[in-house]
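Biologist: Could you take me through this structure? I would like to start with the overall fold and then turn to individual residues.

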Amino acid sequence: MAWIAGVILLVLVAGAMRANNASVYQLHWGFDAHWNWEYVEHLTRTWELPAPHDGWSFAQPPLFFYTAAALARTMDGASKRDVTIAIRLMSSAIGLLGIAAAVFCVARAAPRDRRRWFIASGLLLFLPVHVYMSAMLSQEILVSALVACAAVGVALQLGNQLSLRRVQRRAAGLGFIAGLAVLTKLSGVLLIAAACTTWIIDGLRRGEWRRGLTCAAVFGGVATLVGAGYYVRNLVQFGYIYPHDLPVHARIHTMPPGERSLGDYLRVPLATFTDPQVLNRDLVTSVWGTTYTTLWFDGHRIVLPRKDPAITRLGTAMLLLALIPSAAFAVGLWRGLRRAVAEPGGVDTLFLLLVALTLAGYAFFTWRNPWYATVKGSYLLGMLVPFGYYTSEVLADWTRGMGLRQVFVWAALSALFTLCVVVFTLELVFSKTDSGPGFDWKKHYPGYSTERHRPAGAALGR
């Protein structure tokens, strides 16, 4: 019962943090929040989709914005602030449901290992990027929750002995959820690819290839029917499935570094830990270094003060402590790979494919869009379920017993979760009095050349 009580306590604290942050975070601060509000406001006046080129956020798939606008319409007469807070609270609640799905998957995999349930809950509830993204007017939390629910649903169907008709009905329902993810963000297609491939492999391994193909076809077909309409509309009306380099986004070309090299994906500089802010001249050209600082801290200073030395020191501490769960995730992936090779087509195949496709898609996206603002850990929230699944497995093993290693791991995790509460409960200890969220890159790189899309001279030392 102690572990269950611990999970309940974690949920209460994490829920209180998110409710507080939704209420106190500045109005329409956050990644693209101002332009996201324009999208929502447009849909409160008319249900008609805007043209992608008419506004900064108008090129985004519409599900989150329609949902937010529907909530706003039910609050007719409420202030802009009250509507924004209500949308943030709705997003936070949906995000908690996604985490609940991930923990449920862990519980089904290890029904007697309540230690693992507790660790998985703590990892996901106090993952900094999930906490601070929950305070924003953004679709990232919604899409991560939809992907989590669909991924867990598929994982639970793999290898079961239900009749084909019942499995097909479940595959159709899960395809519907996956289609909603695609209607929220294009990255939802990665789950569809991972799930369909896994179902086919599972069917072939079991000698039930028709069953595997049928499930993949039903899941993928329903997901496509639900999610493809918006993209077909873009193709018919505007000549592209998903826009790239629209004139309305020209401002992004003024951002550093403006180009990518292979080395940007191979270097993790010391500044990742010593100066965790994205415009550091070493970090700005390190994709994985910057990603790490935005997964486990606020490298963009989107919710935390920009120049407070205490913030930098606490960021260093959190990023060092986060090496423990990060290493555990890597070990868990290796264990999963060994199991997937020995028995392909199961849960490990699904989760490993989802991780691989998410990382590959992220690498491609940051290569094609070589600006610091496109490098952020929130784009990896689609890996929420595999992260909780594999990291909790390894950490549960590392914390069994009462030796020095166990004490060290428990102390590190406790310190990490505590710092997350202290740092990311907004207005509890730190108040963001800056003139806006994030950094002004023009002050950091005054000689930046917008024509060449890179710093003038050797501004970045490359």
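Modeller: The conversation below goes from the whole chain to its cores and then to single residues. This is a predicted model, in which local features need pLDDT of at least 70 and side-chain atom pairs count only at pLDDT 80 or more, while totals for chains, interfaces and linings use all residues. Residues are numbered from 1 along each chain as its sequence is written, and side-chain values use heavy atoms, with hydrogens and water left out.

Biologist: How many helices and strands are there?

Modeller: The protein has 19 helices and two strands, taken as DSSP runs numbered from the N terminus (helices H or I, at least four residues; strands E, at least two).

Biologist: What is the radius of gyration?

Modeller: The value is 22 Å, which agrees with the 23 Å or so of a compact globule of 462 residues. That radius is taken over C-alpha atoms, and the globule rule is 2.2 Å times the number of residues to the power 0.38. The C-alpha trace spans about 65 × 60 × 50 Å along its principal axes.

Biologist: And what share is buried?

Modeller: Of the 462 residues, 55% count as buried (under 20% relative accessible area; exposed is over 50%, partly exposed in between; 1.4 Å probe, protein chains only).

Biologist: Which residues have the most contacts inside the largest nonpolar core?

Modeller: They are Y132, F219, W296, V303 and F424, in a core of 124 residues. Helix α7 (residues 140-157) supplies the largest share of this core, 11 residues. Such a core is a set of buried Ala, Val, Leu, Ile, Met, Phe, Trp, Tyr and Cys residues joined through side-chain atoms within 4.5 Å. Another core, of 11 residues, lies apart from it and includes I252, V278, L279 and W441.

Biologist: What does F424 touch?

Modeller: Not counting residues up to four places away in sequence, its partners include M17, Y132, V303 and L419; contact means heavy atoms within 4.5 Å.

Biologist: Changing topic, where is T290?

Modeller: T290 sits in helix α13 (residues 287-295). Its relative accessible area is 4%, so T290 is buried. Beyond its neighbours within four places in sequence, T290 is in contact with V278, L283, V284 and V375.

Biologist: And S378, buried or exposed?

Modeller: S378 counts as buried, because its relative accessibility is 2%. S378 is in the loop between α16 (347-368) and α17 (384-398). Leaving out residues up to four places away in sequence, S378 touches V129, M133 and E140.
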